[in-house]
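Biologist: Could you take me on a close look at one part of this model? I am new to this, so please explain the terms as you go.

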Amino acid sequence: QSEQLQGKKAWITGASSGIGKATAHRLAAAGMNLVLSARRLERLETLAQALKATGVEVTLEPVDVSDRAAMAAVGERIAAAGGVDLLVNNAGTMPISPILSGRVDEWEQMIDVNIKGVLYAIHAVYSGMAERKQGHIINISSVAARTTFQSAGVYAGTKHAVRAISDTLRKEAIRYGVRVTDIQPGSVATELPDSIQHEKIRNAVKANLYADPKGVLQPEDIAEAIYYAASQPEHVDVSELLIRPQSME
Ligand code: NDP
């Protein structure tokens, strides 16, 4: 299956930590050349250094995914370099809180990064894929794309949106030979809870995350799911994958 990906190119957003970083390692091991994005350039440079040993080409595109113009510029540079075969649309943030606490800036940030950022990345590569009649877009939504959690109303709203956008795009992209996958992780041990600004909720989420080793996935578990979806032969469309830790209800 990995021959499927050898020498092809993937753009991973949110590659500076967690799921994105693990995915960079997994796809490099499969022989993919990589374009890596996130805001923290130093993190990307350290990752690129670690990936050097695999012999794949790594290009760094530090960007805030919620910056429409900057994302369009990344898209232009990617197109000028021949486009990408795979987009792993992974950057996301989770500053959750009860709606009553009225953290309007944080709601907007989640909408800007988790929805608009995902759309900007799709926009940056989709037309090139459609022209070449070949490509794969993997969006990372969440178990929160199917259900909701207390205090996570806006976050779940953004992830429901990502799932809906993924499925609509999948139907549209069929005629262009472009595949679309929505990956829905349950709890994964990453830095994501650090984005929670509401202190009580952040502490509760973190305490819960590490309380039971069977209650949390590792970033590599999701990277493997991404690899599985990406490495299927072209006639196979893995439309959605929901991956929960073993003890999550
Ligand atoms: P991390 O916090 O470890 O990683 C998030 C990544 O997104 C980082 O690389 C961060 O890089 C990047 N990012 C955040 N905001 C922006 C921005 N404005 N512009 C560019 N990049 C940004 O969390 P995860 O690995 O867990 O998260 C990855 C995805 O998985 C997210 O979409 C998340 O919602 C989803 N997910 C996570 C789950 C979990 O339990 N961890 C469960 C279900 C889904 P930087 O800060 O350098 O910009």
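Which residues have the most contacts inside the largest nonpolar core?

Modeller: Happy to help! This is a predicted model, where local features need pLDDT of at least 70, side-chain atom pairs count only at pLDDT 80 or more, and totals for chains, interfaces and linings use all residues. Residues are numbered from 1 along each chain as its sequence is written.

Leu 34 and Val 125 have the most contacts inside the largest nonpolar core, which has 67 residues. Such a core is a set of buried Ala, Val, Leu, Ile, Met, Phe, Trp, Tyr and Cys residues joined through C-beta atoms within 7 Å; buried means that 20 or more other C-beta atoms lie within 10 Å of a residue's own, with C-beta atoms placed from the backbone. Helix α4 (residues 104-132) gives the most to this core, with 10 residues. Helices (H or I, at least four residues) and strands (E, at least two) are DSSP runs, numbered from the N terminus.

Now for Val 125: leaving out residues up to four places away in sequence, Val 125 touches Trp 11, Gly 75, Ile 78, Gly 83, Val 84 and Leu 87. Touching means C-beta atoms, placed from the backbone, within 7 Å.

Next, the strands. Strand β1 (residues 9-13) runs parallel to β2 (residues 33-37), joined by five bridges, and Thr 13 stands opposite Ser 37 in β2. Strands pair if DSSP finds at least two bridges between them. The open sheet has seven strands in the order β3-β2-β1-β4-β5-β6-β7, with parallel pairing. Because β3 (58-60) and β7 (240-243) each have a single partner strand, one side of each is left without a neighbour in the sheet.

Key. Buried ≥ 20, exposed ≤ 12 C-beta atoms within 10 Å, placed from the backbone. Contact = placed C-beta atoms within 7 Å.
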